[in-house]
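Colleague: Hi! Could you walk me through this one? I'd like to hop between a few spots.

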Amino acid sequence: MTPPPENEDELGLGGYLAILLERRQVIATTLALALVVGGLYLLMATPIYRANAVLRIEQKGGSLGQLDELLSDAPSVAATEMEVLNSRALLGRVADTLRLGVSADPRYFPVLGAALARAHEGPDLAPVPWWGRDAYAWGGERLQVERLNVPEALEDLPLTLVAEASGAYTLLAPDAVELLHGKAGTVATTPPGAAHEVELNVTELRARPGTRFRVIRHSRAAVVEMLQRMLRLSEKGVGTGVLNLTLEGPDPRVATETLKAIAEAYVLSNVERRSEEAGRTLTFLDSQLPGLRQGLDQAEAALRDYRMGKGSVDLGMEVQALLNRSVELEKSISELSLERSELRQRFTQHHPLLVATGSKLARLRAERTELTTQLKGMPSAELVSAQLTRDVKVANELYLQLNNKAQEYRVLKSSTITNARIIDASVARRLPVRPTKPDVLAVSLVLGLALGVAFAFTKQALQPGVTNPAALEKALAKPVFASLPLGPDRSPRGGARPSILARVRPRDRTTESVRGLRTRLQLALKDAPTPVVALTGTSPGAGTSFVALNLAWALAESGRRVLLVDANLREGWLHRCFRDTRAPGLSEVLRGTLPLEQAVLDEAGPRLAFLGSGELPPDPAELLSSDRFTALVAHLAGRYDVVVFDTPSILAVTDAALVSRHAGVSLAVVRSGVHPLREVAAALHQLEQNGVPVQGVVLNGVPRSRSGRAVSGIYQYDYPSES
């Protein structure tokens, strides 16, 4: 036979499924606990509501005329406006308007108090449970704080407000020191000379005396940070300019009002920003108009004086063309200078727009210099007349242009139209967005299954004992004669008589596995020098007595004359399977106080005889190492077809080695999942050191599976039901 590869999965998919089936109760329990925890979370978690609003930002249609066209390479309008919406300046204004800096919440009983308070309905206060205290709120309590002013040292620190009769209250500092005493409807302040000056205005207080509230005056920065965490902004489609605003909070009314205030504050600030831009431009234009007017007057006066002294000079076609081009250049240079001055108010000196405008202005000035050089080559009379005429035209054009633009900005400043408008007003969902039952239950189900499966495989992997017969054979170089599935309760309880599984349940899976052990043992006995079988366990709890008892019964069923000997002279209990009390047995025979014939129970079963341990002696090892025991074994081997000895564990005492040296076949019983491989190897090594070769191993107590295969690889056969 070709051995399987070392990297072959011993279990395979069927083995893994068998492990899951074996641990199905653990998985089901874990799943149930996860669902219970999920249900408790749904009950106790604070519901969070979401308010929603939609804004539209116009991509173009600027109020600054042609300047907006120069900004076509600027960042996305929606991205810029989202930063404005989430800015500290805007949210701080909203926090001041709505007075969000003060929070007042009742103190609930730990874990369950908030859920019980939310479940309370009706205008009256909820009654205090028999196990509760008046200091906690149980439902229906209300506290409205209009104003709370505290020094900076007490900001963001929880203050305690204790309700009293008739709307009175006492405010305590974090260290439980009384700060002030007041009454709802009036403004209360700390007494003169107090360490902290506190002002509190409670407009409504509804609670039983002794109920405590937690009152906090949040700093402006803390409120803004809280709003920034709760506010979510997104654009509905790239480039659409439609912004979706959402705000979450435990109170749907507060969330709706806060989001509404944010949207309205943004629209107002948008108008103010655009009006401010128009105002700055108008201020700049007004500052330039007097100088341009003065320049125009001076140019007209100079031209008039020249004509009065020299008379009118006719300009030629070439001079006229140069004059018109010079006027256009001066006009363009003036417009670019104006635009560059306006851009400097928005951008830094190295911005691409300013760099491009400066380059264009430099080209126009170079052309003006070249044109001036051409004019200098004309006759003096024509040159002076052309220059004066050009100065008048340029000054007049610039003054009219700047004056018209100033008039436009005056109208624009007084009637600024925002490029943002509210499409959908702030509205909160009726149901909370979290926690939601489907999501929580789905997560609980997945986590419960995952944890249950992980626990099943972890427990299987962390089993200290060997469970795989193939691994056991490979490690010890000893054949596994049989793997016995885990059967019913095998140990005697109290004074009740334990039953022999092979007799009371002949079709049990464990009984069938014992019959397989019988077959393998019969083959081994053919080459054995004596028909004596000794079974020992590696350590207590291996189930050696159970295996010996049922193996002897199975051998007797096959037609052989079998003797079962309880050689455990320290705590043998096999007599309980045949007698109600401990009768004289092996220890008395070895001492010579009782003949063998009187100690053996010949009719323990069909073709089965039994020799009990007898009274437990103080020197069991000496009795088993005596010549009398050697002679007894030889006598029994000649009298019965098979003699089965049940011995104590080899690692506990040396009795097993003393008995096994007379056996033709010695078997070591190993409890699956209990005895580690190192312990089994130590037991076999100890037997071999005592001159006892072990022919094989019996893997006992293997977990069974309803799928027809044990976890360690035992295939099982189910009989048809008897009906």
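**A walk through the model**

Modeller: Happy to, and let's begin with Leu400, which sits in helix α11 (residues 380-414). Keep in mind that this is a predicted model.

Colleague: Is Leu400 buried, exposed or partly exposed?

Modeller: Leu400 is partly exposed, as its relative accessible area is 41%.

Colleague: And how far is the C-alpha atom of Leu400 from that of Leu289?

Modeller: The two C-alpha atoms are separated by 9.4 Å, although Leu400 and Leu289 are 111 residues apart along the chain.

Colleague: Nice. Switching to pockets: what volume does the largest pocket have?

Modeller: Its volume is about 2200 Å³. There are 49 residues lining the largest pocket, and those closest to its centre are Ala104, Asp105, Pro250, Asp251 and Val254.

Colleague: Which helix or strand gives the most to that lining?

Modeller: That would be α8, with six residues in the lining of the largest pocket. Elements that supply at least two residues each include β2 (102-106), β3 (142-149), β11 (242-249) and α8 (252-310).

Colleague: How do the lining residues divide into nonpolar, polar and charged?

Modeller: For the largest pocket, 22 are nonpolar, 11 polar and 16 charged.

Colleague: α7 is on that list too, I think. Which residues of α7 are buried?

Modeller: Yes, α7 (220-230) supplies at least two residues of the pocket lining. Val223, Val224 and Leu227 are buried in α7. Looking down the axis of α7, its buried residues fall within an arc of 100°, so they line one face of the helix.

Colleague: Remind me why spacing in sequence matters there?

Modeller: An α-helix has 3.6 residues a turn, so residues three or four places apart point the same way.

Colleague: Okay, strands now. How many residues of β5 are buried?

Modeller: Five of the five residues of β5 (residues 168-172) are buried, so the strand is largely enclosed by the rest of the structure. Ala168, Thr170 and Leu172 point one way from β5, while Tyr169 and Leu171 point the other way.

Colleague: What's on either side of β5, then?

Modeller: Strand β4 (residues 158-163) runs antiparallel to β5, joined by four bridges. Strand β6 (residues 178-183) also runs antiparallel to β5, with five bridges joining them.

Colleague: Can you give me the register?

Modeller: Sure. Between β4 and β5, Ala163 has Tyr169 as its bridge partner, and Val162 stands opposite Thr170. Towards β6, the bridge partner of Thr170 is His181.

Colleague: How many residues lie between the strands in the hairpin of β4 and β5?

Modeller: Four residues lie between β4 and β5, and Ser166 in that hairpin takes a positive phi near 60°.

Colleague: What about the hairpin of β5 and β6?

Modeller: Five residues lie between β5 and β6, and Ala176 is in the turn. Phi of Ala176 is near 70°, a positive value in a residue other than glycine. Ala176 is exposed, with a relative accessible area of 55%.

Colleague: Back to β4 for a second. Which strand besides β5 does it pair with?

Modeller: β4 is joined to β9 by five bridges, and the two run antiparallel. Pro158 stands opposite Ile216 in β9. Five of the six residues of β4 are buried, so β4 is largely enclosed by the rest of the structure.

Colleague: And where is Thr211 placed?

Modeller: Thr211 is in the loop between β8 (199-206) and β9. Thr211 counts as buried, at 0% relative accessibility. A polar atom of its side chain lies 2.9 Å from the backbone oxygen of Arg208.

Colleague: Other backbone oddities I should look at? Where is there a cis peptide bond?

Modeller: A cis peptide bond joins Arg434 and Pro435, with omega about -5°. Pro435 is in the loop between β12 (420-428) and α12 (437-461).

Colleague: And positive phi elsewhere?

Modeller: Arg607 has a phi near 60°. Arg607 lies in the loop between β16 (600-605) and β17 (608-611), and is partly exposed at 42% relative accessible area. Another is Arg99, which follows α5 and has a positive phi near 55°.

Colleague: Which residues of α5 are buried, by the way?

Modeller: In helix α5 (residues 88-98), Leu90, Leu91, Gly92, Val94 and Ala95 are buried.

Colleague: Great, thanks!

Terms used:
Residues are numbered from 1 along each chain as its sequence is written. This is a predicted model: local features need pLDDT of at least 70, side-chain atom pairs count only at pLDDT 80 or more; totals for chains, interfaces and linings use all residues. Side-chain values use heavy atoms; hydrogens and water are left out. On a 1 Å grid over the protein atoms alone, a cavity is a set of points where a 1.4 Å probe fits but cannot get out, and a pocket is an open set with protein on both sides within 12 Å along at least five of seven lines; lining residues have an atom within 4 Å of a point. Grid points are joined across faces, edges and corners, and a volume is the space filled by probe spheres set on the points. Ala, Val, Leu, Ile, Met, Phe, Trp, Tyr, Cys and Pro count as nonpolar, Asp, Glu, Lys and Arg as charged, and the others, Gly among them, as polar. Buried means under 20% relative accessible area, exposed over 50%, partly exposed in between (1.4 Å probe, protein chains only). Two strands pair if DSSP finds at least two bridges between them. The arc is that of the directions from the helix axis to the C-beta atoms. A polar contact is a pair of N or O atoms within 3.5 Å; within protein, one must be able to donate a hydrogen and the other to accept it, and residues adjacent in sequence count only if both atoms are side-chain atoms.
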